[in-house]
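I opened the model today to look up one strand and one serine. My notes follow in the order I took them.

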Amino acid sequence: MPYRAPVDDYSFLFDHIVGLDQVTATDRFAEATPDVTSAILTEAGKLCEEVMAPLQRPGDLHPAHLENGVVRTSPGYADGYKAIAEGGWVGMAADPEYGGMGLPMTVTSAVNEMMSAACLSLQLAPLMSQGQIEALEHHASDAIKELYLPKLISGEWSGTMNLTEPQAGSDVGALTSKAEDNGDGTFSVTGQKIYISWGDNDFTDNVCHLVLARLPGAPAGTKGISLFLVPRNIPDENGNEGVANALKVVSLEHKMGLHGSPTCVMQYDGATGWMVGAEGGGMAAMFTMMNNARLGVGGQGVGVAEGAYQHALAYALDRKQGKTDGDTGTIIDHADVRRMLMTMRAETYAARGIGLMCAVAIDMTTATGDLRWKSRAALLTPIAKAFGTDIGNEVANMGIQVHGGMGFVEETGAAQYARDVRVTTIYEGTNGIQAMDLVARKMMDGGDAANLILDEIEAAAEAARDTLPDLAEPVWQASESLRETTEWLVKQDHRTRFAGAVPYLRAFARVLGGHVHLMSAVADADGARGKVAAFYIQRLLPEHGSLLAQTQAGDRDFFGMTPEEFAA
């Protein structure tokens with residue numbers, strides 16, 4: 001399906017909203033100059049438009065399938081992946097010592113989002129490798145780094161993460177996969193894992209699995225879990241893929257969407273693996289990969305929202321239906337279609353800005369080690385993930401509505417966006433878990449990190465009052481209301497916090513989105529961004545009030561009913 005990479009939006013957000021200049025002013029990212037960043041975005045945009053977007057429909061219509069134990073990928077995917085790998089896009093943020101570009105996560109996030117918009121099923125493959133690369137950089141031995149990182153970064157090999165088991169979904173501590181020490185530096189890993197994205201393919205020389213398992217005598221729960229690198233083929237003495245390991249793809253899941261992305265049930269039968277990190281440190285190592293993936297998945301939601309918006313806009317500019325008051329004679333002149341398209345664009349832009357704010361905080365943490373940046377990144381990660389994927393779902397569904405009855409017809413392609421993006425609210429911890437993490441672990445500082453962000457929002461709104469009073473005042477008031485609710489929330493017990501977690505996260509995202517749009521209006525008051533900002537602040541930002549009221553409603557109405565009464 002046609003796609004136009006919104007390169008100008010990323011450049012505008014970098015320059016005027018999220019402060020990429022702070023990142024490039026550090027020694028760590030000094031080489032990511034504006035010229036370099038612009039060239040990267042432009043080239044990535046061409047890849048997405050010319051190579052990946054044409055693969056969107058073939059992947060849906062001709063799914064990956066299992067043939068004699070080997071995953072056969074959708075038509076064109078092998079060439080598409082080759083273009084991604086040869087362009088260096090797998091290793092954008094990876095360490096240059098092992099062949100990576102060493103780019104800021106902010107730039108990497110923008111490129112990944114464009115890829116998600118063009119063809120989410122294929123984009124999942126490099127995203128999984130990127131997460132594994134980061135985990136190995138932080139936790140693996142030098143020997144593992146030297147052997148695996150160059151192959152993963154070049155795209156010759158690909159990576160996965162193996163957490164979930166049939167009986168252990170979000171409760172990872174309940175896993176039963178086991179590992180036994182072979183006495184030679186290797187371990188025998190046995191168990192079954194499910195929902196493994198890109199667990200196998202027919203276009204990389206090797207697939208490297210990061211597998212959580214428990215050693216004999218290890219304590220119960222997450223403290224007893226270790227992490228192991230288990231390759232599909234055991235490398236030989238020259239570092240090339242060698243003999244097949246004792247693992248296999250049992251089956252592929254039959255999913256409502258993402259048909260081009262093989263989601264595997266993996267079986268390990270005494271497979272040879274190497275420990276990554278310390279014994280019992282599996283969750284700490286895996287969370288490095290998961291936090292990377294949470295930001296990435298949030299970007300996937302934003303990317304699909306962009307794709308769905310562009311698809312709906314093209315239809316609205318072409319479809320003639322009914323009498324209109326405008327000049328085009330097409331349905332874009334109808335008020336309700338305008339409402340939907342404006343909502344889609346405003347929500348997508350807000351979510352994009354929040355994700356890039358989070359990426360900047362991650363980059364500044366990497367570059368400076370400053371604990372304030374680390375706390376900021378930690379706070380923004382669950383918001384970026386949950387809001388980005390919620391918006392992906394909402395915008396994709398609205399795109400179907402813009403198409404009317406034709407949106408329900410698969411041939412138009414509108415429904416594919418909704419089917420593909422649906423799982424992102426479940427990936428890497430459901431959005432409910434993200435909200436619980438926000439109000440619990442991320443508020444252990446008493447709300448300090450949240451208040452620092454609110455200080456910035458209010459200061460920016462104060463500065464905008466002279467030129468844009470009608471937009472600045474609502475953002476300032478919304479931020480102050482969010483601050484008051486945050487002060488109330490941190491005084492509550494965990495059950496009350498959890499009861500209000502989801503509306504609180506959404507309210508926080510609403511206010512952050514208001515800030516993104518206000519700053520865009522300041523920089524582009526008479527342009528399209530200023531008009532979209534007015535729409536968001538006047539029509540969408542007011543939702544924060546009802547969301548904060550829900551947050552403070554307590555938990556009595558949740559737990560007042562017995563399980564039997566739910567079925568009455």
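**Entry 1: a strand and its neighbours**

I am working from a predicted model. I began with the bridge partner of C208 in β7, which is P231. C208 led me to the pairing of β6 with β7. β6 spans residues 206-214, and the two strands run antiparallel over seven bridges.

Next I checked the other pairing of interest, with β11. That strand covers residues 263-276 and is antiparallel to β7, joined to it by three bridges. Here I noted F228, which stands opposite M275 of β11.

Then I asked how covered β7 is. I found seven of its seven residues, 225-231, buried. I sorted the side chains by direction. I225, L227, L229 and P231 point one way. S226, F228 and V230 point the other way. Both sets are buried.

**Entry 2: S116**

I moved on to S116, which I located in helix α6, residues 105-139. Is S116 buried or exposed? I read a relative accessibility of 2%, so S116 counts as buried. The cut-off for buried is under 20%.

I then looked at what the S116 side chain reaches. One partner is the backbone oxygen of N112, at 2.9 Å. I also logged a polar contact of 3.3 Å between the side chains of S116 and Q123.

Last, I listed the residues S116 touches, leaving out those up to four places away in sequence. I wrote down Q123, G299, Q300, G303 and V304. Q123 thus appears twice in my notes on S116, in the polar contact and in this list.

Key:
Residues numbered from 1 in each chain as written. Predicted model: local features only at pLDDT ≥ 70, side-chain atom pairs only at ≥ 80, totals over all residues. Heavy atoms only, no water. Buried < 20%, exposed > 50% of the residue type's maximum accessible area, 1.4 Å probe, protein only. Helix = DSSP H or I, 4+ residues; strand = E, 2+ residues; numbered from the N terminus. Pairing = 2+ DSSP bridges. Polar contact = N/O pair within 3.5 Å; in protein donor to acceptor, adjacent residues only side chain to side chain. Contact = heavy atoms within 4.5 Å.
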